[in-house]
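Student: I would like to go through the charged side-chain pairs here and ask, for each label, what justifies the label.

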Amino acid sequence: MYGRCFIYYEHMSKYLLSAIFLMFCISGINAQNANKVPFNGIISDFLGNPAKRAKVSVNKYLYTRTDRKGRFGLTNVQDTDTLTIVYQKSVYYIPVEGKKSIRIKLADQLDKSAVIEAAEDQDLVNYGYGFVKRRESLGVTSGIPGEILQRTNQTNILDALRGLVPGLNFQKVNGQTKAVIRGKGTIGNTDPLYIVDGSEVPSLDYISVYDVETVEVLKDGSMYGVRGANGVIIVHTIGSR
């Protein structure tokens, strides 16, 4: 009888520990999801035209670019963060100050770094993840720092990216590494578009990972037209920005 009680007690203890562990896991997931809040915004120039391809960041690695309608989306933007906007060679600093979304109107380019308006917009809040999807298409592939690439002990950028970007695959062709972004260019030419410091280049073979500041992998390269049909890999070298 004592043996049966011991086995029963041991079984219940394991069940209880498993239940407690599961509760901690669920709490952790809920806390993580609670922190991942969408932050939508729209940027226009002083005439009200969309500020296309403006870079919006809250730190060195968390950033996005506006689409053709001037829209952008980020997650995990804190109340005390400051948005840094780079548009047409001008830089604007806009404190979030507790806003849950933001509609920004930039001043005339003659008055550089000035902002006419930066107000919260409830309609943008209601969009939820509507604008964030653009950044999430870059996902964790956005702004991979050169330090991470260097830790792979590879000198070639593509070799260093292996295993770091979901959906980025590689082929060996005539001894050279070729990148293939999953779901893109499955027929014919599969090479993505390579951009280094704003200029299109035929390959990344001539750049060492020790010269890289960040690398972006865009699975949706539609902003580059037909050239970006197979995706885009963007490299920023140290000191280029």
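Student: What makes the contact of Asp 191 with Lys 178 a salt bridge?

Tutor: In this predicted model, the closest N and O atoms of Asp 191 and Lys 178 are 3.6 Å apart, and because the criterion asks for a Lys or Arg side-chain nitrogen within 4 Å of an Asp or Glu carboxyl oxygen, the pair qualifies. Asp 191 sits in the loop between β11 (176–181) and β12 (193–196), while Lys 178 belongs to strand β11, so the bridge ties together parts 13 residues apart in sequence.

Student: Why is Asp 191 called partly exposed?

Tutor: Its relative accessibility is 26%, and since partly exposed covers what lies between the 20% and 50% limits, the label follows for Asp 191; Lys 178, at 25%, is likewise counted as partly exposed.

Student: How do you know that Glu 97 and Lys 99 form a salt bridge, and which of the two is buried or exposed?

Tutor: Their N to O distance is 3.6 Å, which satisfies the 4 Å limit. Glu 97 has a relative accessible area of 60% and is therefore exposed, the cut-off being over 50%, whereas Lys 99, at 15%, counts as buried, for which the value must be under 20%.

Student: What makes Asp 79 and Lys 100 a pair that ties together separate parts of the sequence?

Tutor: Asp 79 and Lys 100 form a salt bridge with their closest N and O atoms 3.3 Å apart. Asp 79 lies in the loop between β4 (71–75) and β5 (82–87) and Lys 100 in the loop between β6 (90–95) and β7 (101–106), so the parts they join are 21 residues apart in sequence.

Technical notes:
Residues numbered from 1 in each chain as written. Predicted model: local features only at pLDDT ≥ 70, side-chain atom pairs only at ≥ 80, totals over all residues. Heavy atoms only, no water. Helix = DSSP H or I, 4+ residues; strand = E, 2+ residues; numbered from the N terminus. Buried < 20%, exposed > 50% of the residue type's maximum accessible area, 1.4 Å probe, protein only.
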